[in-house]
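This report describes the fold and the nonpolar cores of one protein chain. The sequence and the structure come before the details.

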Amino acid sequence: MTQSRHDEMDFRALVGEVRPVRGGADRADPGRSRRGPSEAQLARRQSAIAEDGAAPGLSDDFVDLVPPFDPLEFRRDGIQKGVVERLRHGGYPAQASLHLLRRPLEECRRALPEFLREAREHDLRSVLIVHGRGREIDSSPNVLRSYLAKWLATLDEVQAFASAGQRDGGIGATWVMLRKSERARAANRERQQKRRG
């Protein structure tokens, strides 16, 4: 007996009786075809859109990692270098703070614009964001800190930001100077007009 005949007999012994499949019955029944998404799918889609409260432009795509001991600094055109230095050294009081330590990146991406929007609505100008940093001298770059630098520079209400001084958290915290609200600008103009007489 040849090897192929022996293999065929072993196969028949293992599998048993084999019958051909009837024509047309060789496919799974997918059920009736749908024309569009179900109501449940539409509801989930709407919920996902509503939950994503992150401001446009706050992307969680690729970011250049900021080295662990490089200070953050940014200022818009028209903001003097002295303002940033005063901000860095805590020269403006912390009117509010946001703690992002050990929070997932997506949660931080949603919390940041909401926090800054509320701060601006309450006419706050200087806020402190605590984000942390690596503990060791040879720590890898802090991902949240790198995203924060990218995000803050894209938000219109941010005029400047700088890493905090040691007493306020050092490299693990960032001071942010916010643009004045329209209400605060109007109040400032009114005060100046009263002084002039």
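A residue is called buried when its relative accessible area is under 20%, and exposed when that area is over 50%, with partly exposed in between. In this predicted model, buried residues make up 32% of the 197 residues in the chain. The accessible surface of the chain is about 13900 Å², and carbon and sulfur atoms hold 50% of that surface.

The chain contains 6 helices and 5 strands. Read from the N terminus, the order of elements is α-α-β-α-β-α-β-α-β-β-α. Of the contacts with a separation of 6 or more, 72% are between residues 24 or more positions apart.

The largest nonpolar core consists of 26 residues, and Leu100, Leu112, Leu116, Ile129, Leu152, Val158 and Val176 have the most contacts inside it. The elements that give two or more residues to this core are tabulated here.

| Element | Residues |
|---|---|
| Helix 4 | 105-121 |
| Strand 3 | 126-130 |
| Helix 5 | 143-154 |
| Strand 4 | 158-163 |
| Strand 5 | 173-178 |

A second core, separate from this one, has 12 residues, including Ile79, Val84, Ala160 and Met177.

Which residues does Ile129 touch, not counting those up to four places away in sequence? They are Leu98, Leu100, Leu112, Phe115, Leu148, Leu152, Gly172, Ala173, Thr174 and Val176.

His99 lies 6.0 Å from Ile129, C-alpha to C-alpha, although 30 residues separate the two in sequence. His99 belongs to strand 2 (residues 96-99). His99 counts as partly exposed because its relative accessibility is 46%.

Methods:
Residues are numbered from 1 along each chain as its sequence is written. This is a predicted model: local features need pLDDT of at least 70, side-chain atom pairs count only at pLDDT 80 or more; totals for chains, interfaces and linings use all residues. Side-chain values use heavy atoms; hydrogens and water are left out. A nonpolar core is a set of buried Ala, Val, Leu, Ile, Met, Phe, Trp, Tyr and Cys residues joined through side-chain atoms within 4.5 Å. Buried means under 20% relative accessible area, exposed over 50%, partly exposed in between (1.4 Å probe, protein chains only). Helices (H or I, at least four residues) and strands (E, at least two) are DSSP runs, numbered from the N terminus. Contact means heavy atoms within 4.5 Å. Accessible areas come from the Shrake-Rupley method with a 1.4 Å probe; for residues, only the protein chains shown count as cover.
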